[in-house]
Every structure is written in structure tokens, then in C-alpha cells.
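The exercises below are meant to be worked with the sequence and the three-dimensional structure side by side. Each one sets a task and is followed by a solution that goes step by step.

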Amino acid sequence: MLEGLYLLVVYPIYTFWFANHASIFDENLSYVGNLDHLHWAFILWGLLTVLALALGLRTCIDHSLFKKRNRMLVMLAACLLMLAVTLPYRPLDLPLLSLIHILLSFAAPLSLLAAVFMIFMDLRMLYPSLMAPYLSVFLLICVIALGIYFKYASVNTLVEIFLSITVSNLLKFTARNLTKVSGMIDEYQV
């Protein structure tokens, strides 16, 4: 109940509030987060994003085949994201740190999407009929995000909002249905 409230209300509202401080099509969250008065809000957004993803991934990883590998991949993505949001993006003042920030900002979502894909593939081997639609939706989310990226020729706030909110909610719905299905399987095995 509280997880659903967090994922469907609190996290999206904070994300939209934070992103509303700049153009949704022309800037990205790194730009917004490095405005002088919003740096701590950016770090909070990073923490809230990690929490949103962890809520859905926790159950998905517990049901997957390669739990240890999947936990390591998710931890790597979370660390990359937190490093990215804490490093300043000020290309004129701090060009080296800005370059590292950009590299981390690309590596974090790509590693997270790769981890989610690998987890979904693991789960598809265990629960083929349940996971087929979730894997399709995940791939559709990735295609839409790529379409937004190519339309505006940059990573903008729109693609970041879209990915963070849709993937975290997809993971939560997947986790909820995995719990139901595994409970039914346990009943039949008793």
C-alpha cells in the first residue's frame, strides 16, 4: 500500500516538481540539479529514484535465477546514479568533473536498463507466460525512450522522467504479480 502510494504519487510528483524548474525538452535533470538552489534537491531526487527502483527490484531479484549477479548489477547502477547526482555539472567552471558527470549520467541508466533486462530474462525462464508481457512492455518503454532521445537529439528531462517513472512502476507491478504467482505455486507444491 505505502509502496504503491510512493511509486504512483510521491515519486512522480517530486520528479515533476523538480523537472519543472527548466525546459522539459531543452535541458536535462543534470542542468536543473546544478542550478545553485537545487543541488540538494537533485541529490534527493537521486535517492528517491534509487528507492523507487529498489522497491520493485527487490522482489524481482528474489525470484530470479541469478540473485547475486543481479544484486551486484543493480548496486552498480545505483552507485553510478548517486555519483552522477553528487558530482557538479558546471562545464565552464569544472570541465573535468562535468565530463565525469556526463559519463556517469549515461552509464547509470544504461547499466540499470541492462540489469532490468537481465532480471526479466531470468524471470522469463522461470515464469514464461507471466513474464512475456512484462518483457514486451519493458522493451516498448526502451523503444519509446530511444524515440524521444532521437527526436530531440539529446537526453532531455522528458526522457529522464519517462524512464524513471515508467520503469519503476513496471517493476512494482511485476513484483506484485510475481508474489501472487509464486504464492500459488507454493500452494500447489504443498
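**Exercise 1.** Decide whether Ser-98 is buried or exposed in this predicted model, and find which residues Ser-98 touches.

*Solution.* Begin with the accessibility: Ser-98 has a relative accessibility of 2%, and because the cut-off for buried is under 20%, Ser-98 counts as buried. Next, place the residue in its element, which is helix α5. Then look at the polar end of the side chain, where a polar atom of Ser-98 lies 2.9 Å from the backbone oxygen of Leu-94. Finally, leaving out residues up to four places away in sequence, list the residues touched by Ser-98, namely Pro-88, Tyr-89, Arg-90 and Pro-91.

**Exercise 2.** Work out how many disulfides the model has, starting from the sulfurs of Cys-60 and Cys-79.

*Solution.* A disulfide requires two cysteine sulfur atoms within 2.5 Å. For Cys-60, the closest cysteine sulfur is that of Cys-142, and at 14 Å the two are too far apart for a bond. For Cys-79, the closest cysteine sulfur belongs to Cys-60, at 20 Å, which is again too far for a bond. The count for the model comes to zero disulfides. The surroundings of these two cysteines can be added as a last step: Cys-60 is buried at 0% relative accessibility, whereas Cys-79 is partly exposed, with a relative accessible area of 43%.

**Exercise 3.** Identify which residues have the most contacts inside the largest nonpolar core, and establish which helix gives the most to this core.

*Solution.* The largest nonpolar core has 31 residues, and inside it the most contacts are made by Leu-57, Phe-120 and Val-167. At least two residues of this core come from each of α3 (39-63), α4 (67-86), α5 (95-126), α6 (128-152) and α7 (157-189). The helix that gives the most is α6, with nine residues. To see the packing around one member, take Val-167 and set aside its neighbours within four places in sequence; the contacts that remain are with Leu-53, Leu-113, Val-116, Phe-138, Ile-141 and Phe-162. A second, separate core has 27 residues, among them Leu-29, Ala-52, Leu-87 and Leu-104.

**Exercise 4.** Determine which residues are in contact with Leu-55, leaving aside its neighbours within four places in sequence.

*Solution.* Locate Leu-55 in helix α3, and note that this residue is buried, with a relative accessible area of 11%. With the sequence neighbours set aside, the contacts of Leu-55 are with Glu-3, Tyr-6 and Leu-7.

Methods
Residues are numbered from 1 along each chain as its sequence is written. This is a predicted model: local features need pLDDT of at least 70, side-chain atom pairs count only at pLDDT 80 or more; totals for chains, interfaces and linings use all residues. Side-chain values use heavy atoms; hydrogens and water are left out. A nonpolar core is a set of buried Ala, Val, Leu, Ile, Met, Phe, Trp, Tyr and Cys residues joined through side-chain atoms within 4.5 Å. Buried means under 20% relative accessible area, exposed over 50%, partly exposed in between (1.4 Å probe, protein chains only). Helices (H or I, at least four residues) and strands (E, at least two) are DSSP runs, numbered from the N terminus. Contact means heavy atoms within 4.5 Å. A polar contact is a pair of N or O atoms within 3.5 Å; within protein, one must be able to donate a hydrogen and the other to accept it, and residues adjacent in sequence count only if both atoms are side-chain atoms.
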